[in-house]
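The following exercises concern the architecture of a protein–DNA assembly. Each task is followed by a solution that proceeds step by step.

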Number of protein chains: 2
Amino acid sequence: MVASVTARRAHTRQRLLDAALDVFAEEGFGRATVEQVCERAGFTRGAFYSNFTSLDELFLAMWEQRSRAMLDGVRAALAEVSAASAEEGLRAAVDAIPVDDAWYRVTAEFTAHALRNPPLRRVMAAREQAIQDTVLPALVAALARLGRRVTDRTGLGHALVAVHDGTAVQVLLEPHDPVVRERRRALFTAVLDAYSTPDTTLAPPARPTPRTAMPTPAPEEAR
Amino acid sequence: MVASVTARRAHTRQRLLDAALDVFAEEGFGRATVEQVCERAGFTRGAFYSNFTSLDELFLAMWEQRSRAMLDGVRAALAEVSAASAEEGLRAAVDAIPVDDAWYRVTAEFTAHALRNPPLRRVMAAREQAIQDTVLPALVAALARLGRRVTDRTGLGHALVAVHDGTAVQVLLEPHDPVVRERRRALFTAVLDAYSTPDTTLAPPARPTPRTAMPTPAPEEAR
DNA sequence: CGTATTGGATACGTTCGTGTATCGAGAGGG
DNA sequence: CCCTCTCGATACACGAACGTATCCAATACG
């Protein structure tokens, strides 16, 4: 038995899902076509209509799968942030959040699309919630290990999402400029500072005082 | 003379530009069609092809026009921020940045599109620069009137753009939830705090110390 | 070993948007 | 008052993408 028939089906389904990300990223949400996805996956439209009923359905399935995978990755990375050095730790935490070109495009356009489709808004809201529920605890724990206690959890959660989204564009628009990436990091740490306080009770010696954010335009390592 | 022939032309051109914003916002960047724009503007495709050569050209013209207008508005609003009260002043400054549904969708999709079109990246970069050049000075001046001196101008500029973009989505996804709007304001003031220091030399009595950002989850007026 | 079923390919007709080519009306100029 | 030119409308031909209906092959099953 080379491949169970149902197993084969699962494979083609997954290949279609993978192709979808590429095509949607390249062509844009509105211009992507069924044929392009099929061609990229190495199938014909017959295979597509046998597995999905519409492009929207395929897109949504792909988006949720990738979204889940990404959140899992971030959570796992945060779990490994250790208190070796607070600076280092924070940097690692920030870098744990991936800035992916294709994924950003897809998400941005999907968000815009969700704004006009009430049912899709629920999906977006659910993801917001998933972030709050899964990565925020990991982040709070990581910060605790670095000797900081967060004051406003939900505030911090939404702030970080906003900062990530906002700075991701800037990084992607200027992918080769390290200054932009450093600014992103600086903003992240500034926000983390603003929404947390040094925990004096059982803290490692790191970060004795609430720092005054960045010195001035500093391409070099902040602080 | 009812209308000079060239004046009439200018009018139809503008009507097409106006229609473009609505249609692109409603249908999405990739799905918007020439016919839809023309119908919305009350013309036929003949009028369109007489004024523009492609949808992309129309879109770009519209985007630059609206972009300019929006920046002018923000700059003007910031110029009117007075030191009556620092709190009030900051609130007014933040509220001066409009969160517009249609405009956000258009910009988000355009940004995603620009990421795959190098020539369009220049346009985005030019806008970034325009923001830095026109609204940042106004903001710095407004903050000075509130007794604060900014430490890292370009850092602040990019941080604010990122925060605006990131929080705008959240507000638009939950348009009727005042908590979300308040969180946006809180993040803005936190960032303004982080990137500026109280100017002790000639300051109005406002904001004696660098405030410690928000108290805790606070739906009510922060501070 | 033969038959039923399932997964994917092929073929087809239709709809929709595009761009160009042509036409008509009304304003500007002498 | 007539001629001309500009602007926008109308007509047309083409291509692209869609969704369905049908077909072929290979697997599951008795």
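**Exercise 1. The surface near DNA strand D**

The residues of the surface near DNA strand D comprise 9 nonpolar, 10 polar and 5 charged. Here Ala, Val, Leu, Ile, Met, Phe, Trp, Tyr, Cys and Pro count as nonpolar, Asp, Glu, Lys and Arg as charged, and the others, Gly among them, as polar. The model is a predicted one: local features need pLDDT of at least 70, side-chain atom pairs count only at pLDDT 80 or more, and totals for chains, interfaces and linings use all residues. Residues are numbered from 1 along each chain as its sequence is written, while chains are lettered from A and ligands numbered from 1 in the order in which they are written.

Task: Determine how many residues surround DNA strand D and which are the closest.

Solution. Step 1: a residue is near a strand if its C-beta atom, placed from the backbone, lies within 6 Å of it. Step 2: DNA strand D is surrounded by 24 residues, of which Val34(A), Thr12(B), Thr44(B), Gly46(B) and Ala47(B) are the closest. Step 3: two or more residues each come from α2 (34–41) and α3 (45–51) of chain A and from α1 (5–27) and α3 (45–51) of chain B. Helices are DSSP runs (H or I, at least four residues), as are strands (E, at least two), numbered from the N terminus.

**Exercise 2. Annotated regions**

Task: State where UniProt places the feature "DNA-binding region" in chain A, and give the helix content of that span.

Solution. Step 1: the unreviewed UniProt entry places this feature at residues 33–52 of chain A; UniProt positions are given in the numbering used here, feature names are shortened, and annotations may be inferred rather than shown by experiment. Step 2: residues 33–52 of chain A are 75% helix and 0% strand, with end C-alpha atoms 14 Å apart. Step 3: the unreviewed UniProt entry also places "domain: HTH tetR-type" at residues 10–70 of chain A. Residues 10–70 of chain A are 80% helix and 0% strand, and their end C-alpha atoms lie 21 Å apart.

**Exercise 3. The contact between chains A and B**

Task: Establish how the two copies are related and which helix of chain B gives the most to the side that touches chain A.

Solution. Step 1: a turn of 180° with a shift of 0.0 Å along the axis lays chain B on chain A with an RMSD of 0.1 Å, the superposition being by least squares on the C-alpha atoms of residues with pLDDT of at least 70 in both. Step 2: the copies are therefore related as by a two-fold rotation axis. Step 3: the contact takes 45 residues from chain B and 45 residues from chain A, two residues being in contact if their C-beta atoms, placed from the backbone, lie within 7 Å. Step 4: α8(B) gives the most to the side of chain B that touches chain A, with 14 residues. By class, this side of chain B has 22 nonpolar, 13 polar and 10 charged residues.
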